Amino acid sequence: MIGTHSPFDLPVLFSLGPVAITTPVVVTWALIALLGGGSWLLTRRLQLRAGRTQTALELLVTTLDQQIGEVIPDGGRGYLPLLGTLFLFLVVANASGLLPAVKAPTAHLETPAALAAVVFMSVHVSGVRRRGLRGYLREFARPTIFLLPLNLLSEVTRTFSLMIRLFGNVMSGEFVIAIVLGLAGLFVPLPLMGLELLTGIIQAYIFTTLAAVFIAAALGDTRKERSS
Amino acid sequence: MTIEQISIIGAVVAVSVGAIGPAIAEGRAVAAAMEAMARQPEAAPSLSRTLFVGLAMIETMAIYCLVVALLILFANPFAHVR
């Protein structure tokens, strides 16, 4: 092997008692601090006549709100905090792999697994909250009761594929960059890094859109049910 | 052949055969979306959003093959070397 580590290895940085703190966790903490501190700094002095920074910020939030509202027609505004944070975090996390000596936390299996678990829980919680437990569970037995096992299976597999998709895309990009760097030299992987930046943004968009689609499916199209 | 050589051949076959299907499927999906956008340019935003989500779904199959290949290479349960 030419200086590449297994993508399934978890580098342990230090340990707090019995809890081993790995490098992706520390990078995630740094990203959380960066995003949280940045948001606090940028929204500290909001004015009615928006300045340059505030206009860019408002454009970002409005675009996110609009995109989520198109996927979740009724009540999409309530999911802006969850899905918007997910998108921003994923963009920053995927791009953080381009910094020297930093590996993107999403290039390890554990971070996408945690994010997919968050999406899984929020899908079912919002479905139960909107339609009640009985109404939500009845939806799994549609169109016939024979499809119940398949519907339950698809709940698990789509969450699993959400995790594997993010992990595979980000990890394979970093892996290819590492191999090309080992084979060719210092500045050769630059175009690949540009491609990796694009892939990271697209994957963040896809992850967020799929989460919104799942939530919209769990909420159900109430208007269609009423008419039919 | 040792277990390592068989694993390497298995990884190569997994990626190369597994990439054929998603490649054809993505080509067909993009071609259909292009045609639809050329006919109805006003439907382009919703078409492209659906296209991206669909491409991600299709691409997942190739990514599964890649993950299987990497599992064979790096986390092989039958090779007790590393």
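These questions and answers go through a predicted model of chains A and B and the cut-offs behind its labels.

User: What makes a residue countable here, and how are residues and chains labelled?
Analyst: Residues are numbered from 1 along each chain as its sequence is written, and chains are lettered from A and ligands numbered from 1 in the order in which they are written. This is a predicted model, where local features need pLDDT of at least 70, side-chain atom pairs count only at pLDDT 80 or more, and totals for chains, interfaces and linings use all residues.

User: How do you know what confidence chain A and chain B carry?
Analyst: Look at pLDDT, the predictor's confidence in each residue, from 0 to 100. Chain B has a mean of 87, and 96% of its residues reach 70 or more. Chain A averages 85, with 94% of the residues scoring at least 70. For the model, ipTM is 0.70 and pTM is 0.83.

User: Which elements have the lowest and highest mean pLDDT in each chain?
Analyst: Elements are DSSP runs numbered from the N terminus: helices (H or I) need at least four residues, strands (E) at least two. In chain A, helix α7 (residues 222-227) has the lowest mean, 44, and α3(A) the highest, 93. In chain B, helix α3 (residues 44-74) has the lowest, 85, and helix α2 (residues 20-39) the highest, 95.

User: What does the model have for residues 223-228 of chain A?
Analyst: Their pLDDT stays under 50. A contact needs two C-beta atoms, placed from the backbone, within 7 Å. Beyond four places in sequence, the model has one contact for this stretch.

User: Which elements make up each chain?
Analyst: Chain A has seven helices and two strands, in the order β-β-α-α-α-α-α-α-α. Chain B has three helices and zero strands. Its order from the N terminus is α-α-α.

User: How does the radius of gyration of chain B compare with that of a compact globule?
Analyst: The radius is taken over C-alpha atoms, and the globule rule is 2.2 Å times the number of residues to the power 0.38. For 82 residues that gives near 12 Å, but chain B has 18 Å. So chain B does not match the globule value. Its C-alpha atoms fill a box of roughly 60 × 20 × 10 Å along the principal axes. For chain A the box is roughly 65 × 55 × 40 Å.

User: Why is A:Val19 called buried or exposed?
Analyst: Count other C-beta atoms, placed from the backbone, within 10 Å of its own: 20 or more is buried, 12 or fewer is exposed, and in between is partly exposed. A:Val19 has 7, so A:Val19 is exposed. A:Val19 sits in strand β2 (residues 19-22) of chain A.

User: What about A:Ala101, buried or exposed?
Analyst: A:Ala101 has 4 other C-beta atoms within 10 Å, so A:Ala101 is exposed. The residue lies in the loop between α3 and α4 of chain A. Its phi is near 65 degrees, a positive value in a residue other than glycine.

User: How many residues count as buried in each chain?
Analyst: In chain A, 28% of the 228 residues count as buried. In chain B, 16% of the 82 residues do.

User: What makes a set of residues a nonpolar core, and which members touch the most others?
Analyst: The members are buried Ala, Val, Leu, Ile, Met, Phe, Trp, Tyr and Cys residues joined through C-beta atoms within 7 Å. The largest core has 45 residues, and those touching the most other members include A:Ile72, A:Leu86 and A:Phe207. Both chains give to this core, with α1 (3-18) and α3 of chain B among the elements that give two or more residues. α6(A) gives the most, eleven residues.

User: How do you know that α6(A) has the expected span?
Analyst: The expected span is 1.5 Å times one less than the number of residues. α6(A) has 30 residues and reaches 44 Å from first C-alpha to last, close to the expected 44 Å. A:Gly220 follows, with a positive phi near 80 degrees.

User: Which residues and elements form the contact between the chains?
Analyst: 14 residues of chain A are in contact with twelve residues of chain B. On the chain A side, α5 (148-183) and α6 (190-219) each give two or more residues. The largest share, six residues, comes from α5(A).
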